[in-house]
Amino acid sequence: MVVAMIGFTLNDAITKVSSESMNMAQVMLIRGVFASLFVGLLAWQRGALALPGSMLQPMVAVRVAGEAGATVSFLVALAHLPIANVSAVLQALPLAVTMGAALVFNEGVGWRRWLAIAIGFAGVLIIVRPGFEGFSVYSLLALACVGCCAVRDLATKRIPQAIPTLLVSTTTALAMTMLGAALLLPMGGWAPMTGESTAFLALAAVLVVIGYQFIIMAMRVGDISFIAPFRYTALLWSILLGLSIFGDVPDLPMILGAIVIIGSGLYALYRERIVGRRKTAAESAGPDMAPDGI
């Protein structure tokens, strides 16, 4: 799980660097081409493409729509905010998934976990700080990304087990590539690329696939409620990369909000383990933990 978080965070850092020379639609398009190629080959090698008609299953479509909203909002927010701030807001995803499972699927969530959810989103407000100095509208896009990710993850839970995960991943990667192509002109058109910038986006796609595979490995060999807290190491890597690459120094509201979010998330995981109910928050640490184009 820790290695997976490093892979995802390095991908985010490369994407943010790329946004300085091209718009995010172009980033989506180029990275999506590489991701589609890598994941598609992996899916073909494992026989996951045997039933391509499964791509049209309604819950797959809902998942792709959620991923589309998450990817666009995430990439735009990432281009304009410190990487650590975006990562900190995204740590509220397990709480959002737990809330969505209770509201949409009527899964049992006790008052303690509802309290943890409320406190966690208070932590998000501390980071976003609406109405105060330092507020950025792009912080709302990071929050919108959490909502879209929750829709995506809840839809994923309703995809029939017979549909291979790699087929869903290939479908998502192709859809994000086409979305990048569709948004290219509205977002400013094509910017000339060097071999170096193309190689960086190819590396970003490789890192996403590595992160994806390491999460699957973690989920298959370990107890989910034990592994899930290690997803929060993504924030540590985001802070370190923000400092070393972009010179971003986390301010007090960001640090305080992140502590509140992570503390609430850990408590929700603890309660799930105690009561033995479906691990909705823990499950959000699975292969769909962040908008990554696959």
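**Helix packing and residue environments in the predicted model**

Helix H4, formed by residues 83-90, has 8 of its 8 residues buried, so this helix is largely enclosed by the rest of the structure. The description given here concerns a predicted model. The buried residues of H4 are Ile 83, Ala 84, Asn 85, Val 86, Ser 87, Ala 88, Val 89 and Leu 90.

One partner of H4 is helix H12. The axes of H4 and H12 come within 9 Å and cross at roughly 25°. Because angles under 35 degrees count as roughly parallel, H4 and H12 are roughly parallel to each other. Their crossing is left-handed. On the H4 side the contact involves Ala 84, Asn 85 and Ala 88, which meet Met 254, Ala 258 and Ile 261 of H12. By class, this contact between H4 and H12 comprises 5 nonpolar residues and 1 polar residue, with no charged residues.

The loop that lies between H4 and H5 contains Gln 91. With a relative accessibility of 4%, Gln 91 counts as buried. When residues up to four places away in sequence are not counted, Gln 91 touches Arg 231, Tyr 232, Ala 234, Leu 235 and Ile 261. Ile 261 of H12 also takes part in the contact with H4.

Beyond this loop, helix H5 (residues 93-104) packs with helix H6 (residues 111-128); their axes come within 10 Å and cross at roughly 135°. H5 and H6 are therefore oblique to each other. In this arrangement H5 passes H6 in a left-handed crossing. The contact draws on Leu 95, Ala 96, Thr 98, Met 99, Ala 102 and Leu 103 from H5, and on Arg 113, Trp 114, Ala 116, Ile 117, Gly 120 and Phe 121 from H6. Sorted by class, the residues at the contact of H5 with H6 are 9 nonpolar, 2 polar and 1 charged.

H6 also packs with H12 (residues 252-275), at an angle of about 165° and with the two axes 8 Å apart. That angle makes H6 roughly antiparallel to H12. The crossing in which H6 passes H12 is left-handed. From H6, the contact is made by Arg 112, Arg 113, Ala 116, Ile 119, Gly 120, Gly 123, Val 124, Ile 126 and Ile 127. From H12, the participants are Pro 253, Met 254, Leu 256, Gly 257, Ala 258, Val 260, Ile 261, Ser 264, Tyr 267, Ala 268, Arg 271 and Glu 272. The class composition of the contact of H6 with H12 is 13 nonpolar, 4 polar and 4 charged residues. Arg 113, Ala 116 and Gly 120 of H6 appear in the contact with H12 and also in the contact with H5. Similarly, Met 254, Ala 258 and Ile 261 of H12 meet H6 as well as H4.

Helix H8 was examined for its length and burial. At 1.5 Å a residue, the 19 residues of H8 (residues 165-183) should span 27 Å, and the end C-alpha atoms are 27 Å apart, which agrees. The buried residues of H8 are Leu 166, Leu 167, Val 168, Ser 169, Thr 170, Thr 171, Thr 172, Ala 173, Ala 175, Met 176, Thr 177 and Gly 180. Leu 179 is also found in H8, but this residue is partly exposed, with a relative accessible area of 23%. Leaving aside neighbours within four places in sequence, Leu 179 is in contact with Met 28, Ala 68 and Val 72. The C-alpha atoms of Leu 179 and Ile 117 are separated by 32 Å, the two residues being 62 residues apart along the chain.

Asp 12 and Phe 74 are likewise 62 residues apart along the chain, and their C-alpha atoms are separated by 9.8 Å. Asp 12 lies in helix H1 (residues 2-18), and at 15% relative accessibility Asp 12 counts as buried. Not counting residues up to four places away in sequence, Asp 12 touches Phe 74, Leu 78 and Ile 83. Ile 83 is one of the buried residues of H4.

A further pairing across the sequence involves Val 208, which lies in helix H9 (residues 195-221). At 1% relative accessibility, Val 208 counts as buried. Val 208 and Phe 8 are 200 residues apart along the chain, and their C-alpha atoms are separated by 5.6 Å.

Terms used. Residues numbered from 1 in each chain as written. Predicted model: local features only at pLDDT ≥ 70, side-chain atom pairs only at ≥ 80, totals over all residues. Heavy atoms only, no water. Helix = DSSP H or I, 4+ residues; strand = E, 2+ residues; numbered from the N terminus. Expected span 1.5 Å × (residues − 1). Buried < 20%, exposed > 50% of the residue type's maximum accessible area, 1.4 Å probe, protein only. Axes fitted to C-alpha atoms, helices over the stretch in contact; angles between N-to-C directions. Parallel < 35°, antiparallel > 145°, perpendicular 65-115°, else oblique. Left-handed = near helix turned anticlockwise from the far one by under 90°. Contact = heavy atoms within 4.5 Å. Nonpolar A, V, L, I, M, F, W, Y, C, P; charged D, E, K, R; others polar.
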